[in-house]
Amino acid sequence: AMKSRKALRAVERAANAMGGAAQEAMEYLLAYGLYDIGGSHTKYGGSYEVYLEDYESPFVLVNSIGYSEDTLTIAHEFGHFVDDFVNYGMYKSTDVNETISQTMEYLTLCYLQDDALREELTQYKLVDTLRLYAEQASYNAFEEQVYALPADQVTLENINAISLQTSRDYGLIDAWSDDYYAKSWIDITHFFDSPLYVIGYCVSDSVAVQMYERELVAPGEGLTAFYDYVDQAPEETFAGLVARCGLEDPLSAGRIAALAEMMEQQLFE
């Protein structure tokens with residue numbers, strides 16, 4: 001419990017340093033106790049944010065694990081909280097909403113008041129981002145190839161072969177056997193309940209990381225773009241919102257190359 005409170009305190013101090021809607025939303029969250037962040041083996045195992053329509057208030061639930069990355073988990077859900085605090089629970093799309101929560105993670109890294117924690121979590125987050133692009137893009141390639149099979153070729157053998165090949169193509173094969181990677185697709189619930197969803201992780205992060213890059217180059221610029229993005233009209237589309245905020249197409253070749261360059265600088269230089 002003490003560690004989860006410490007993680008929340010770190011996000012609170014970062015939100016206060018950001019000012020604006022983040023600070024206001026954090027004050028609201030704390031004033032009305034709109035969170036449950038303790039760790040428990042009898043509690044829901046993940047984390048989420050939900051808009052409570054009857055109360056017109058967002059609420060955050062996190063099952064903390066007791067490690068420093070709890071700070072980023074809380075920051076992620078707090079990003080959704082800020083979105084719902086500003087936009088009264090308006091749902092646009094997964095890409096729009098997840099961009100906001102991802103950006104809050106990156107901005108929290110920039111505004112953490114504890115330098116040692118910032119350094120530790122920056123390494124953790126960027127390695128996790130690298131994993132996200134390799135893994136989720138691999139899953140997307142797998143899905144597209146399976147759906148492209150003629151009906152009479154949709155066999156377990158062919159699906160397993162595609163799974164193994166895409167794992168190789170995207171550099172995922174390391175610790176486990178070929179047999180594992182051929183069959184690992186069976187564990188990905190999104191393939192069954194949300195087809196063609198997984199690429200959304202890459203799409204939303206590719207926009208979020210642009211705001212992080214701006215913040216690294218000129219402190220305050222990424223935060224300004226974030227608040228512009230959060231302040232959205234109901235009729236705006238994801239692509240329109242990205243363009244209005246002066247951000248690049250998240251899947252353009254130049255954008256992915258710039259992302260790779262930034263990550264190499266941050267991780268290895």
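The following legends describe three close-up views of a predicted model.

In this model, local features need pLDDT of at least 70 and side-chain atom pairs count only at pLDDT 80 or more, while totals for chains, interfaces and linings use all residues. Residues are numbered from 1 along each chain as its sequence is written, and side-chain values use heavy atoms, without hydrogens and water.

**View 1. Helix α4, residues 94-111.** Helices are DSSP runs of H or I with at least four residues, numbered from the N terminus. The end C-alpha atoms of α4 are 26 Å apart, in agreement with the 26 Å expected for its 18 residues at 1.5 Å a residue (1.5 Å times one less than the number of residues). Because 15 of these 18 residues are buried, α4 is largely enclosed by the rest of the structure (buried: under 20% relative accessible area, 1.4 Å probe, protein chains only).

**View 2. The largest pocket, with about 780 Å³ of space.** Its lining comprises 29 residues, of which T73, H76, E105, D128 and R131 are the closest to the centre. The elements giving two or more residues to this lining are α3 (70-87), α4 and α5 (115-148); α5 provides the largest share, eight residues. A pocket is an open set of points on a 1 Å grid over the protein atoms alone, where a 1.4 Å probe fits, with protein on both sides within 12 Å along at least five of seven lines; lining residues have an atom within 4 Å of a point.

**View 3. The second largest pocket, with about 330 Å³ of space.** Among its 16 lining residues, K6, A7, A10, T71 and L117 are the closest to the centre. Two or more lining residues come from each of α1 (2-18), α3 and α5, and α1 gives the most, with six residues.

Note on methods:
Buried means under 20% relative accessible area, exposed over 50%, partly exposed in between (1.4 Å probe, protein chains only). Grid points are joined across faces, edges and corners, and a volume is the space filled by probe spheres set on the points.
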